[in-house]
Structure formats: C-alpha cells, structure tokens
Amino acid sequence: MKFFVILCTFMCCGNAIAQDCTYSLTGYVIDLHDQETLADATLSIEEGGRVIQTDAKGKYTFKNLCQGTTYSIRVSHPSCDAENIKVTINGDTERTIYMEHHLEELGEVSITAEAPKNAGKTAVESSLSTEDIQANSAGSLGDALNQLSGVSSLNTGNTVVKPVIQGLHSSRVVLITDGTRLQDQEWGVEHAPNVDLNNAGSIAVIKGAAGLQYGGDAVGGTIIVNPRRIPISDSLYGETLITGVSNGRGGSITSTLVKSYNSGWYGSFQGTLKRFGDFEAPNYILSNTGAFERDVAVRIGVNKYSYGVEASYTLYNNELGILRASHVGSAADLANALNSNTPQVIEDFTYTINPPKQEIKHQTAKLNAYKRFNDIGKLSFQYDYQQNNRLEFDIRRDSEDVRPSIDLELRTHSATLDFDYTADNSVVVKAGIVGRSQTNFPDPSTGIRRLIPDYDRTDFGVYALAAKTLDAWTLEGGVRYDYNYINAEKFYRTSFWEARGYDVLFPELVVEDFGSQLLTNPEFTYHNVSATAGAGYDFNDTYSLTLNYALSNRAPNPSELFSDGLHQSASRIELGDIRFDKETSNKVSVALSRKRTNWSFTIAPFANYISDFILIEPTGSQQTLRGNFPVWEYRQTDARLLGVDVDNTFRVSEHIEIANQLSIVKGQDTTRDLPLINMPPVNTTNRVTYTNEKWHHLKVWVESQYVFRQNEFPDTNFEIFIVEADQNVLVDVSTPPDAYHLINLRGQLDFDVSNRSTLEIALAVNNLFDTSYRNYLNRQRFFADDLGRNVSLQLKVNY
C-alpha cells in the first residue's frame, strides 16, 4: 500500500514537472466603441497574483504561462467598468480585450477628447482640441482651422471663410461631418462650409489624399468633424457657452443638453445663435458685413457592444452680408474702387443686412447603424439626405425687386456600407462602398441668366485599405475606384459656343437651336483610380519617421465645366470650359516627429505634382446691365506645389510653454513657368502660454502671428476703358499686400459653482494694436482693409 501511494505521488509530480509553462499571452486593450487602444490599463491574473499594465499603444504581455491552463484575468482602466475574462493557453496566445469606456466626470465629458487617428498610420494629420474649438465659438470652422500649420483660409470679407490646405481649397478639400460628406456647393470660392463649429467634439485635418475611405478626389486634404462622444452611463449633463465681441457689436450663444443611460440609449440637443452687425477695420466701418446664424442639431440612438443605431438631424441657417463697396456700377467706378486705399462706400453702423448678401439653409438627415461580429469585425451602414438652398442677392436696378439673383437647390442622397476588421489589432483592414445621387436645380424665376445649369449627378465608389504593424515598422496601402456621371441641360449663347470651338468639338450636344441661343445636353463620365502607400518607423519612444505617397484623381466640378455669367456674391463674371479633363495628383509627404514632455516637434515636407490642374484667374472686365465686373476664366495646366509644415513645442518649466508653427508652400504653373495664383504666403505663429492649475486652472497666452508678403505671383493685371476719360486705365489685381504682424492675447479661469457645475471665464483680444493690414487670400482686399481690434468675453457653464 505504501508503495502504491509513493508511485502515485511520483507520477503526479512527474506530470507537474513535465508541464510546459513557456508560453505567452499578448494582445491589446481597446475601447469597444471607437476602437482606440487604452494605455495604462491594469491586468491581473488571479492564479499567481501577477499584475501588469498596457503600454502607450495599449499592448499587454504575460509570459511563462502554462499550456492548457485556463487563467482568470481582471482588467481595469480609469473611467471604465472592470472586466473579468478567462483565457485558455494554447501555445503563444493572442487575445484582444474590449472595454466599456465610461466618462464619469462632467468635466471630462465637456473638455476632453482630441480627434482620433482618421487617416491611417503614415499620413500627416493634425487636430484641434476641444478648447481650441470652443475658443472660436463665435467664429467659423475656417477661423478655428487657421490655428493648424499648413491650413490657411480663402476669405470673402470676415464672415465667409473657406479652409485652404497646403495651397488647395474648394472641391479639392473633402469635408466629413458626423460621417457624412458635406454637399453644399463647395465649388464657390466665397461659399463657406455650412457647418456649425459648436456641434463639433473633435476636428482633424488629413493633409493630402491619404484618407481614401472618405473620397479619392481629396487632392488637398480631408477635414473630419465629429460630434462629441456620449458616455454609456446614466447621466444628464450639458453646457452653455456665451460669447460677446466688440468688433461687430454682437456675439453668440450655444447650448448642449445630453441624456444617456446605462443601457446604451442616448439623446442630445444642440442649438446655436449668432448675431453681428457691421464689422470694422481700424479706420472705418465695413458696411453691410453683418451676419445672422441659427443652427440646430438633434441626435438619438442606442450604443451597445454588439450593435448600435443612431438617427440625427442638423439645420444650418445663415444670412451673410457682402461688403457694399465690392459692388460697383460703371467701369470708372470699378477702376476707382480697385485702385483706391479706402472703400468707396462707408456708412453708419447697422445690424441690417442688405443686398449684396447670401442666405444659406443646409439640412442633413442621417440614419446609421452597425453590427459587431465577435472575432471578425464591424459592419456599418449609413444613409443620409442633404438639401442645400443657396440664395445670392444682388443690388438690382429696380429697388422693389426683392428676388435673389441666384437661387440654387442641391439635393443629395447617399448610402455607404463599410467593414472594419478588428480581430487582430496589429492589422487594420477597412473596405467599403458608397453610392450617391444628386440633383441641382437653379430656379429660373430669378429672371437672370443662370450661372450653374440644371444637372443630375451619380457617383459610385469602392475602396479597400490595410495596415500592418511589425515591431517598430508600420506598413499600409489602399486603393479606391470612383465612377462619376454628370447629365446637364444648359443654354449657351451661340456666339460664345462658336467662339470656344464647341460647335466643332461637341456638335452632338446641341438639342435645339433658338438662333441666338442653343439648348445643349452635356453628359460626362469619369473613371478615377486613387491609391495610397506608406511606411512608418519608430526609432524609439521619442523619434518616429513616416513616408506616404498618395495618387488621387478629381473630376471637374460643375462650376469649372459650366460657369457662364455673373457670380453675384463673388462680384465677378466666371467662365467655365466643358473641354476640361480630370485632375491627377501625385503627392509625397514625409514627417519626422519627436514626442517628449519637454520638447516635441513635427517637420513635414511635401511635394505635390498635379497634371491638368484647374485654376481660375482674372482676364479682363465686362460691362453688364447691373454694372462693370472683372471677368475670371478657368483654365487647365500642370502644377507643382512644394512646401513644409513645422510644429514645435518646448516646455520651459512646469508653468510656461513656448509653441511655434511655420508653414511654407510654393506653387508653380509648370506649363507656363509662372507662379500659381492665390498661394498662401509664408506665415509663422509663436505663442507663449502660462498655466497654473492650482489657481482656478489659470491659462494665459500671448500670440505673435507674422504673415510675410507673397513675392511669387502671376501678373494678371488688365486694362479698363473709361468712357468718361476716353482712355484705358490699368487695374492692378496682382500685386500682393505688404507683410503684417498681429498680436493676440487670451486668458481664462475656471470656478466651481457646485459639485457638478463649473464656470469658465475667458477674455481675448485679437489684433491688439489695431493694425491696418490686408490679407493676400482675402478677396475683398481690393476694396478694404481687414478687421481691426476685437475684444471678446466668453462665459461657459457646465451643468
């Protein structure tokens, strides 16, 4: 009997000794809703008491685990519900762990979360913090984006601000808001994005065409505006932000209210009201430059791990005045206005907005849903409908005629289906398809020749992206195909049709001949292939290098093809060309980054070669019944854009930080060997910030913004014949304004109102010394100076 006990004991010990405990368990801890990895998550094995934390990339590794053994692991993370999982070891085992990432503090709900990575691993991407967004609450999306290196703006006065990314704008910049590609007549240089900045929780800018999932025609880049994340918790919270400004004697108020439940159900409401009168330059009032904006956004949905559904509706409604002095009568008036140092019309301050003006109403209704499949990925579907109504009012000869001069209605239906592979966090795979149907209707009841014709447009796209992480290396690539079809109906003057040679090139397009006019039916089909490839290498925890190549193709937009008449709010006659081919861009970008608390920087040079580049430039002037206007014509050429963006941050001490940004872009018409028109001048911004968290979160900064003179520009001056003087007068529309230097200040404090409410007070001064200047990219620089000093007071209450 003793021998049997000893034998059994020996056999059990032998089995224990023979057990193989050399295997590892690795994986990532991920926020199940936005797929972001979670750093500093704590994992503990109950059998043995081993405890580790995830690294900066959300990765964890347990070593020396035994084959066939089942381990109980507890996973915890700040602001997350703890998870308990069981894992059976079968060789070296990988396991991705998903966590419900709750936000428990109201302060975190309202002021945290920067934009997630949207472009992939190797594209150059910049983002705005929530604080930066809210600091520009009374301004526009373009005003906020101006803070990023490589992003400038094309202005029509002070209220129409259009983003420019590394020298490119309009249809070359794709704007994604809450997962929906904005369709709002973006072709117009004086058409600002129809987006309420206050509805944004995060904003990211992809510089270049690397964001293929958003479109293959983003030659300039992609702007991604996402609403705020709503926590999965039983909570009711909100905030109200009030801003008053001295320049324009107005301000804005925006409020947000959110209700969410532990079950995943949620709803939110956000509204904005902005009202401004005439703005002012340092020495005079900019007459008829007021603005009146009203916006609403509503969301309701359910957000669970396995599935989610959301319905949303947004309304953007804006009335914008156009500088009265920019609209003139005779050729002599135009010459005097363009050659004068002061506006030809200066009136007393008023809140009234008279013609010339714009009225824009943009509505978006969206339904999206997703279904998550364990160990495979997530399938997402979205349908959205957009209706954009744009009215542009001119100064009519008959003061009783209140009809708009341009009345455009653009209706767009879109559907997308996307799949994200999430089973292995070291591999990123995305694929999707999109279909879009669009109808443009220019109302003929305006009584004025329509600038843009009736047209129907159909778009279809399919894409696939993949990225793989291999130790310090990251490799990625993607491809996209887009089909574009345009079917238009347009009247042409017979003389214009023949002068352009269309009668020889496109005789089949003529539907009916009315003698002095021709009714045509242009139909165009484009097949576009876009691609991206990139590589990144992490030298260590401090330095990294990325290289990205992007190929993109863009079909001409309706304005470039069909424009034929007076564009009222642009104060010019625009002429398109149906002979245009698609643009093709080949862009290479590099980014060297250093990330440390005391010193961080990114240096990102780029080279963009664009064949069949479409540009618009002045070619003369023309007298019409409504006055004398410059004539701008589109043409195609080959272009080269070279530049570099630099971001540099240095922490001097615990309380003081110095930041610098520098942007350089050089555009060249390689066909004519001339500089490209409207390229952003070299600019640099330096900011010194003092913070003291112990004294009501005090934050004070002083900013120096220096914009150099643009010394590289084409000569597009033209002569105007003045009947009264019986002579030609040269009009200088080429020479850029002088360099200028602006000083801006801002300070803010937080106060606890109650256990769950805070009050933030901020005071800012822009253009502190009331400097007179003109921005080369402001189209109204021909008629007036830019804005003078502006003092703003902002109050924000979280509750």
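**From one side chain to two domains**

The side chains of Asn 548 and Thr 532 are joined by a polar contact of 3.3 Å, in a model that is predicted. Asn 548 belongs to strand S32, which covers residues 543-554, and Asn 548 counts as buried because its relative accessibility is 3%, where the cut-off for buried is under 20%. Beyond its neighbours within four places in sequence, Asn 548 is in contact with several residues, including Thr 122, Ala 210, Glu 476, Thr 532 and Lys 587.

Strands can also be followed through their pairing. Strand S24 (residues 377-393) pairs with strand S25 (residues 406-421) in the antiparallel sense, over 16 bridges, and within this pairing Leu 379 has Phe 419 in S25 as its bridge partner. On going further along the chain, S25 is joined to strand S26 (residues 427-442) by 14 bridges, again in an antiparallel arrangement, and a hairpin of five residues links S25 to S26. Here Leu 417 has Ile 433 in S26 as its bridge partner.

Stepping back to the whole chain, one finds a division into domain 1 (2-99) and domain 2 (225-798), whose centres, taken over C-alpha atoms, are separated by 50 Å. Where the two domains meet, twelve residues of domain 1 are in contact with 14 residues of domain 2. Between them, domain 1 and domain 2 bury about 1000 Å², with 41% of this on carbon and sulfur atoms. On the side of domain 1 that touches domain 2, the largest share, three residues, comes from strand S1 (residues 23-31). The count of salt bridges between domain 1 and domain 2 is zero.

Methods:
Residues are numbered from 1 along each chain as its sequence is written. This is a predicted model: local features need pLDDT of at least 70, side-chain atom pairs count only at pLDDT 80 or more; totals for chains, interfaces and linings use all residues. Side-chain values use heavy atoms; hydrogens and water are left out. Helices (H or I, at least four residues) and strands (E, at least two) are DSSP runs, numbered from the N terminus. Buried means under 20% relative accessible area, exposed over 50%, partly exposed in between (1.4 Å probe, protein chains only). A polar contact is a pair of N or O atoms within 3.5 Å; within protein, one must be able to donate a hydrogen and the other to accept it, and residues adjacent in sequence count only if both atoms are side-chain atoms. Contact means heavy atoms within 4.5 Å. Two strands pair if DSSP finds at least two bridges between them. Domain bounds come from an automatic or database domain assignment. Buried area is the accessible area (1.4 Å probe) that two parts lose on being put together, summed over both. A salt bridge is a side-chain nitrogen of Lys or Arg within 4 Å of a carboxyl oxygen of Asp or Glu.
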